[in-house]
Structure formats: C-alpha cells, structure tokens
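Hi,

Here is the structure I promised to pass on to you. Have a look at it first, and then read on for what turned up.

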Amino acid sequence: MEEKCGDGICGENMKILEAERLNKRFGGLTAVSSVDLDVKEGEILGLIGPNGAGKTTLFNLLSGALKADSGVIRFKGHDITGLKPHQIARRGIARTFQSVKIFSRMSVIDHVRLGYLFGKLESGDGDEAEREVGEILEFVGLAPVRDGRGGDLILANQKRLEVARALATKPALLLLDELMAGLTPTEMAEAMELVKKIGQRGITIVMVEHVMKAIMNSCDRIIVLNHGVKIAEGTPKEIAANKTVIEVYLGE
Amino acid sequence: MNIPAKKYGSLIALITLLALLVGVPGYMSSYTVILITNILMYVVLTLSWAIFSGPTGYISLASAAFFGTGVYASALLSSSLPLPVVIVIGGSASFTLAFLVGSLTLRLKGMYFTMFTFGLVELVRNSLHWWEVNMTGTVGRLIISADNTIIFYSMVGIFVSVLLVSYMIKRSRFGLALESIGESEEAAAHSGVNVTRVKAATFAVSAFFMGAAGATMSMRWTYIDPTTAFNIQFSFMPVLMAIFGGTGHLYAPIAGATVFSLLEELLTTKFPYYYMLIFGLIMLAVIRFMPHGLEGGIEKWRKSVGTGSAVKT
Amino acid sequence: MIIKFLDIAIGGLLMGGIYALIAVGFGLQYGVARVLNIAHGEFIMLGAFCTWTLFTMAGVTPLVSMLFCAPLFFAIGFVIYRIFFTPLRTSSESPAAFEGNSMLASFGLLFVVQNLALIIWGTPVKGYSYLAFPIHLSGAVFSANRIVTLIASVILGSAFYVFLVSTRTGKAIRAAAQDPDAAELMGVRINRVLALCFGFGVMMAALGGLLLSMTSIMLSPVMGMQYTLIAIIVVVLGGLGNIKGSFIGGFILGLVGYVVSSSQPGLSMVAYYVIFLFLLLVRPTGLLTK
C-alpha cells in the first residue's frame with residue numbers, strides 16, 4: 001500500500017511514477033509490450049537495452065508524446081494516462097531528446113525563460129523570474145553564453161541548454177534521453193557531474209543510455225528492455241551479473 | 001520604459017510616417033489617397049499574415065476567406081450600423097471563423113493545413129452563394145459607400161493597430177511561445193506550451209485584422225456578391241509580398257507589401273496583361289535565390305559589416 | 001430502381017475518371033517528387049486549351065491530340081523540374097524547407113502559366129463540341145463524349161499502373177516513393193526519377209484537361225484552381241503515395257459529386273470540402289490505405 005505523494009509530504013521510497021502494463025504498437029510492430037515501471041522518488045534510474053528496444057518509445061509514452069494502446073501511468077499518485085505533453089510538463093515531468101531539439105534562432109536565456117513561463121502550473125513573473133532563470137543558467141554552466149543563439153552552441157552546450165530548459169519547468173521527474181551521445185570523454189564526465197547535481201536537488205531522474213560506464217556509475221537502479229519487453233531490473237551490480245542481460249548484449 | 005538607442009530610430013521613422021499619412025488627404029489628390037489606401041490594405045494583409053505564418057512557418061492561404069468575411073459582414077450591416085462597429089464586427093466574424101478552423105486543422109502537418117486553407121476560400125464562397133440563392137433570394141447586395149477620406153483614415157487606424165499588436169506579440173511571452181513552435185513543436189509542447197491553442201489564437205488574431213480590412217475596403221465597392229468578396233488573389237498576394245519582403249522583423253512585410261502594391265499599380269496601368277506574369281517570375285526568382293526575401297539579403301549584409309562572431313561557443 | 005442506380009453510377013463515374021487521372025498526377029508530384037503543386041490545375045487548363053486549339057484550328061480530334069499532348073506536357077514537366085526544382089532541392093536546408101519552398105514556387109508557376117494562357121487565348125470562354133450525340137444505356141441518356149472520356153481515363157490509368165508495376169523505371173519510381181535515400185543507395189538516379197514523376201504528373205494533368213474539354217464544358221484560363229483542389233482532396237482520400245488509392249478515390253469523389261449536384265446543384269464543391277475536412281480530422285492517412 002503506498003500513500004499519495006503530495007509536495008512536501010513524501011518520504012523515502014515513495015513511488016513518484018508508476019506505469020502498469022504499458023503497450024504500444026506501430027502497425028504490426030510492437031514497440032513496448034506490457035511494461036511495468038516503478039520509479040522511486042529521488043532515485044536515479046537507468047533504462048538500457050539494445051537499439052530498438054523501445055526505450056525512447058517508453059519515454060514518449062511517459063511524457064505524453066505518444067498515447068499508449070493500453071496501460072496506466074500514475075504520477076505522484078494521479079492518473080496521467082492520455083494527457084497531452086504540455087499538461088504533463090506542467091505537472092512536473094520534463095524531458096530531453098535523443099536528437100537535441102533546441103531552438104536554433106532563440107537566445108539561450110529565452111529557452112530557459114520559455115520553460116519557466118510555460119512549464120509550471122502557476123507562473124511567476126518579473127524579477128523573481130529573472131533571478132531564477134539566471135540561477136538555472138549558472139547551475140548548468142551556460143551563464144557566459146546567455147545571450148548567444150541556440151544554434152551557435154557546440155553540442156555539449158546544446159545538451160546543457162536542453163537540460164536547463166527542462167529544469168526551468170520545475171520538474172519533480174526528469175527524463176534524460178541519451179545525454180551522453182556525441183560527447184567527448186571530458187564532456188561526458190561533466191555531464192555526469194551535472195546529473196549528480198540535479199539528483200542532489202531532489203529531482204528524480206530516469207536516464208536512457210548506451211554508455212555503460214555512465215549508467216553503472218550513477219544509477220541507483222537499472223531496468224533493461226529488449227524488443228519492448230522488460231527483461232531485468234535491479235542494482236547495477238545485479239544487472240552486470242545478470243545472464244539474460246549479458247546474452248542480449250553479447251548477441252549484439 | 002527603457003527604449004534602447006537603435007529602437008529610437010525605428011520609433012522616429014514610424015512617427016514621421018504616421019504624421020505624413022495623417023496629412024495626406026489634406027494635401028494630396030484623391031487619386032493618391034486611393035492609392036495609399038490600397039497600399040495600406042496590402043500592408044495590413046501582409047502584416048496580419050506574417051503575425052501567424054511568419055513565426056510558425058504554417059503557410060496559410062485563407063487570407064481571402066477572412067478578408068471576404070469582413071467584406072460580406074459590411075455588406076450585410078453597413079446600412080444599419082456605424083462604420084467603427086461594422087469594422088469590429090467584420091473583424092470578429094473572421095476571428096471566430098479562424099479560431100474554429102484553426103482549432104480543427106492546426107493539429108495537422110503544415111502541408112495539410114495549407115491544402116485545407118487553400119480550399120477554404122472556395123468553400124465559404126460556394127456556401128454563401130448557395131445560401132444567397134436558396135435562402136435569401138438576393139445574390140448581390142448594395143453597399144452604402146463611404147467617403148474616400150473616411151476609408152483612408154480607417155485603414156490608417158487598422159494599420160497602426162496591426163503594427164502595435166505585432167510588436168506586442170513579438171515582445172511578449174506569447175511571442176516566445178510562437179517562436180518555439182516555429183522551431184520545434186515537440187520541444188515547445190514538452191516545455192509546457194499548449195501548442196494547438198497558441199496556434200489557433202494567433203491564427204484568429206491575424207484573421208481579425210484581415211476581416212477589419214475587408215469591412216473597411218468594402219465601402220469602396222457599391223455592389224458585393226460572394227464572387228467579388230472572396231477573390232483568391234487576396235490569399236496569394238500577402239504570401240507573395242511576405243516572401244518577397246521577409247517575415248522576421250516588422251519592417252520586412254511592410255517593405256514587401258509596399259513595393260509590390262506600387263509595382264502592381266504601375267503594371268496594371270502600363271502592362272495590364274502582364275503583371276501576373278511578372279509577379280510570378282519575381283516569385284520564382286526570389287524562392288530560388290533569396291528564400292528569405294529582401295530581409296534575408298539585408299540581414300546577411302548587416303552581418304558581414306557588423307561584429308557578429310562566426311565562431312561557435 | 002436499377003435504372004436509377006445505373007444512371008447515378010455511370011454519371012458519377014464519368015467525371016470520376018478525370019478526377020482519378022488528375023489525382024494520380026498530383027499524387028506523383030507530391031507523394032514522390034515532394035512538390036505540392038498548386039499550379040496543377042493550370043496544366044489541366046493548358047491541356048484543355050491545347051486540345052481546343054488543335055481541334056478548332058487544325059481539325060485534330062482530341063483522341064489524336066493525345067498522341068501529341070502527352071509527350072509534350074511530359075517534357076514540359078520534366079524540364080521545369082530539372083531546371084528549377086532540382087537545384088532548389090539542393091539549396092534547401094532540409095526536406096521540410098524544400099516542401100515549403102517548392103509549394104511557394106508552384107505559386108509563381110501558377111501566376112506565370114495562368115497569365116500566359118490569358119495572353120494567348122484571352123478571357124472569353126471557349127468550348128467545342130465533339131461526339132456530342134446521345135447514347136442510351138438501359139433507359140438513361142448519356143453524351144457519347146462523356147462515355148469515351150470514361151473509357152479513355154480507365155485505359156490511361158491502367159496503362160500507367162502497368163508501367164509502374166512492370167517496368168524498371170516504374171519500379172524505381174515506387175522505390176523513390178517509399179524512401180528516396182534508400183532508393184538512391186540502391187542505384188536509382190534519384191534526380192532523374194523525381195523529374196520523371198513531375199513530368200508524368202504534368203502529363204496526367206494535361207490529359208485530364210484534354211478529356212475535360214471533350215465533355216463540352218466551358219473553358220476559361222481561370223478554371224484550373226478548382227481542379228487542383230479536387231486533386232488534393234482525392235489524394236488525401238486515397239492516401240498519400242497510394243497511386244491505386246488516388247485512382248479509386250477519384251471515382252468515389254466523382255460519384256459523390258454527381259449525387260450531390262443532382263439534388264443540390266452548386267453544392268458539390270462544398271460536399272467535397274466537407275469530406276476533405278472529415279478526412280483530415282479523422283483519417284488523414286486516407287480511407288483506402290491499410
């Protein structure tokens with residue numbers, strides 16, 4: 001029996017997100033098959049699996065970009081199945097994208113302003129807003145380029161920008177889709193630092209990754225998908241030792 | 001309110017322009033008054049079109065439908081209501097139509113939306129024609145014409161309104177949302193923007209001014225029927241003018257519309273049989289070589305002489 | 001009862017054949033060459049006027065004109081694509097940008113073609129009469145030229161279908177329709193194929209216009225646009241990229257149009273449009289796709 005999780009009354013190990021028997025098909029192809037998912041508040045959960053395993057589809061279902069064929073999604077105890085992306089964003093789930101979707105002609109600071117103004121249920125304004133926006137830019141390390149255009153940034157900074165925009169919506173849950181893709185080892189280390197800092201702020205994180213080192217080092221738990229089915233779940237140590245998982249990856 | 005230095009220039013230019021405009025009927029011939037009214041009409045149509053289609057990238061071909069709705073509203077009401085009221089009603093009718101149509105069809109991909117708006121003019125025209133034939137019995141309607149000067153000042157008023165609204169939208173959070181929609185609807189939605197509602201609302205606002213312009217210009221004609229009110233040229237011209245001028249900064253659609261209407265005026269008197277041909281060729285040349293219009297060329301030039309950094313940060 | 005049914009069926013199919021042809025043409029241009037050709041109707045108009053000119057000035061019967069018009073308009077379309085759209089495709093920042101740009105360019109094309117027609121043929125409406133005698137079919141009366149039109153469109157449509165299915169070029173076109181990049185990797189000369197498709201599209205339009213002119217309607221340089229609209233609606237009805245669907249969809253729409261105009265003349269365009277709206281909202285992928 002779990003208690004409803006409202007702001008400020010959550011304890012450890014509360015489930016911030018629960019998904020039951022999610023299914024999604026595209027024509028004849030089953031992308032996600034009867035997946036159950038529980039995310040504990042405050043944890044960093046890894047989502048791994050070979051290409052085409054359904055990870056991004058799962059993210060799309062959770063964030064409202066796609067409608068599940070069947071199944072239920074509950075966030076903080078409330079049913080959010082079928083809600084539109086902007087509604088889910090306002091309730092506190094934010095995400096980044098596999099192929100970075102920043103606004104190339106928009107300034108860095110405006111990206112964050114956008115998230116701030118539209119991403120919450122009640123929107124602050126004026127000086128308060130500017131202060132918070134500035135703070136978010138500092139937090140991700142983009143303060144020096146705040147007036148630059150999104151399209152002029154290098155990839156690593158564009159990823160920071162996506163994160164900043166997502167954080168501006170004041171999420172309780174952040175979905176990171178392949179944050180490490182395309183980054184140099186140095187940049188990856190910085191990204192991992194950032195993820196850690198975000199977790200320290202109390203934001204729950206679910207990250208899809210292919211870079212094993214990142215997953216093993218930062219995640220509290222890991223879920224493995226293959227062909228749309230959850231095949232394993234556990235701590236990094238357990239997953240590393242899991243025979244089915246090893247087979248699936250070696251068979252790649 | 002803090003106005004940065006470079007905006008002083010634009011503000012002064014605008015005030016000067018308005019001062020000149022206000023004085024026109026007093027100093028210029030009636031031909032000039034009519035000419036400038038025409039130019040203002042196209043400027044209003046193009047600016048309105050750019051309010052929505054500029055940032056979102058959705059190419060609407062429905063302008064003639066909204067303009068025509070205003071014309072028709074005026075035809076129905078001008079004998080019983082004062083002009084300002086008629087203009088507002090014409091604008092509101094178009095606003096409502098656009099909001100309805102927009103809410104339904106703006107969820108579609110860009111091309112489907114364009115295809116749909118392309119037919120909207122015909123749809124409204126055909127429906128009204130059928131209605132007039134079968135329900136009211138009169139196909140043509142007479143309008144109480146108004147004085148050229150009154151029409152002129154009304155158009156100036158509408159022009160100033162569109163300009164103001166365009167400016168305010170650009171600087172507001174609404175404008176920010178629009179910009180984000182134009183770049184990535186998906187990212188905008190996941191940042192909390194209600195994409196369909198923002199699109200529909202903007203579409204409706206742009207239609208309002210088109211309807212208002214229609215209601216005003218209808219006073220020029222003494223006789224209105226669905227065919228004269230809903231002329232597809234009013235859908236094509238604003239697009240042509242906006243592409244030619246550009247849609248990024250506010251001056252761009254104004255410049256494009258002014259140049260093109262002057263060109264049209266010149267060509268229809270000198271080469272009445274060729275002006276569409278020339279416009280078409282210009283359009284083809286612009287698309288092929290300068291897809292961002294005059295504005296694109298100007299901004300490129302600005303960048304090359306300015307201090308813009310080419311290095312990625 | 002059967003007579004009434006046959007009357008409606010055949011009556012609807014008569015225009016339907018033309019709708020089918022112009023829709024297939026439009027579908028080739030948009031579905032494969034990715035050009036939303038707003039000027040499609042102008043080429044329909046051109047086809048009609050060329051036929052009229054050949055008939056009234058040189059006494060060439062429309063069916064014979066086909067032999068001349070088909071290759072002519074194919075060439076026109078091919079050349080237009082090569083000299084204008086191919087470089088545009090290269091210079092556009094993305095496929096989406098190309099679609100937008102090419103649509104706007106087709107605007108320009110509309111202006112140019114319509115104006116040229118106005119210059120050459122002038123504003124007064126034209127028409128000619130060919131095979132206008134009545135034929136009686138199980139109690140209903142139809143004009144012979146309309147029946148010939150129907151037969152011709154079915155033959156043309158089937159011939160094209162066979163071409164698509166059995167020739168190498170046809171297969172290349174189908175591959176390009178599915179996935180242009182993959183097709184290119186497999187050795188298909190994509191620029192040539194796209195230009196071919198555009199050429200075929202214009203050819204279909206002209207043939208549609210030719211058949212249209214045979215049905216004794218009044219021809220005017222501004223007649224094109226409503227047919228562009230009809231082509232769009234049929235293509236959406238049948239499913240984008242689905243040639244067979246466009247063909248069948250044309251007949252369906254023709255039937256609807258006939259039924260509507262028999263009871264409420266003047267409302268057929270409205271009926272088409274309502275169908276269009278319904279499709280876009282409920283099933284934008286088309287009724288005839290899987």
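Let me start in the sheet of chain A, where A:Glu18 stands opposite A:Arg74 in strand 4 of chain A. Please keep in mind throughout that this is a predicted model.

**The sheet in chain A**

That pair belongs to a stretch where strand 1 and strand 4 of chain A run antiparallel, joined by 5 bridges. Strand 1 of chain A also runs antiparallel to strand 2 of chain A, and here 8 bridges join the two. In this second pairing, A:Lys24 has A:Val32 of strand 2 of chain A opposite it. Strands 1 and 2 of chain A make a hairpin with 2 residues between them. In its turn, A:Gly27 has a positive phi of about 65°.

On the other side of the order, strand 4 (residues 70–75) of chain A pairs with strand 5 of chain A, again in the antiparallel sense, over 2 bridges. A:Phe75 has A:His78 in strand 5 of chain A as its bridge partner.

Put together, this is an open sheet of 4 strands in chain A, with the order 2-1-4-5 and antiparallel pairing. Which strands stand at the edges? They are strand 2 (29–40) and strand 5 (78–79) of chain A; each has a single partner strand, so one side of each is left without a neighbour in the sheet. Helix 1 (residues 55–63) of chain A packs on the sheet and touches strand 1 (15–26), strand 2 and strand 4 of chain A. The direction of helix 1 of chain A makes about 65° with that of strand 2 of chain A.

**Two domains in chain A**

The domain assignment splits chain A into domain 1 (7–92 + 174–187 + 207–252) and domain 2 (102–171). Taken over C-alpha atoms, the centres of these two domains of chain A are separated by 25 Å. Where they meet, 8 residues of domain 1 of chain A are in contact with 9 residues of domain 2 of chain A. The domain 1 side of that contact in chain A has 4 nonpolar, 2 polar and 2 charged residues.

**How the chains meet**

There are 2 pairs of chains in contact, and chains B and C share the most contacts. Chain A and chain C do not touch, and their nearest C-alpha atoms are 9 Å apart.

The contact between chains A and B takes 27 residues from chain A and 18 residues from chain B. On the chain A side, the elements that give two or more residues are helix 2 (85–91) and helix 3 (108–118) of chain A. Helix 3 of chain A brings the largest share, 6 residues. By class, the chain A side divides into 12 nonpolar, 7 polar and 8 charged residues.

**Helix packing in chain B**

In chain B, the axes of helix 3 (residues 63–77) and helix 5 (residues 110–136) come within 8 Å and cross at roughly 30°. Helix 3 and helix 5 of chain B are therefore roughly parallel to each other. B:Ala64, B:Ala65, B:Gly68 and B:Tyr72 of helix 3 of chain B make this contact with B:Leu120, B:Val121, B:Val124 and B:Leu128 of helix 5 of chain B. The classes are 7 nonpolar, 1 polar and no charged residues.

**Helix 8 of chain C and two of its partners**

Helix 8 (residues 190–214) of chain C packs against helix 2 (residues 40–58) of chain C at an angle of about 50°, with their axes 7 Å apart. That makes helix 2 of chain C oblique to helix 8 of chain C. Their crossing is right-handed. Among the residues that meet here are C:Phe43, C:Gly47 and C:Trp52 in helix 2 of chain C, and C:Val202, C:Gly208 and C:Gly209 in helix 8 of chain C. This contact has 12 nonpolar, 6 polar and no charged residues.

How does helix 5 (residues 144–166) of chain C pack with helix 8 of chain C, and at what angle? The angle is about 165°, and the axes are 9 Å apart. That makes helix 5 of chain C roughly antiparallel to helix 8 of chain C. The crossing of this pair in chain C is right-handed. C:Asn145, C:Val148, C:Thr149, C:Ala152, C:Ser153 and C:Leu156 in helix 5 of chain C meet C:Leu207, C:Leu211 and C:Met214 in helix 8 of chain C. By class, there are 6 nonpolar, 3 polar and no charged residues in this contact.

Enjoy exploring!

Best wishes

Note on methods:
Residues are numbered from 1 along each chain as its sequence is written. Chains are lettered from A and ligands numbered from 1 in the order in which they are written. This is a predicted model: local features need pLDDT of at least 70, side-chain atom pairs count only at pLDDT 80 or more; totals for chains, interfaces and linings use all residues. Axes are lines fitted to C-alpha atoms, for helices over the stretch in contact, and angles run from 0 to 180 degrees between N-to-C directions. Angles under 35 degrees count as roughly parallel, over 145 as roughly antiparallel, 65 to 115 as roughly perpendicular and the rest as oblique. A crossing is left-handed if the near helix is turned anticlockwise from the far one by less than a right angle, and right-handed if clockwise. Two residues are in contact if their C-beta atoms, placed from the backbone, lie within 7 Å. Ala, Val, Leu, Ile, Met, Phe, Trp, Tyr, Cys and Pro count as nonpolar, Asp, Glu, Lys and Arg as charged, and the others, Gly among them, as polar. Domain bounds come from an automatic or database domain assignment. Two strands pair if DSSP finds at least two bridges between them.
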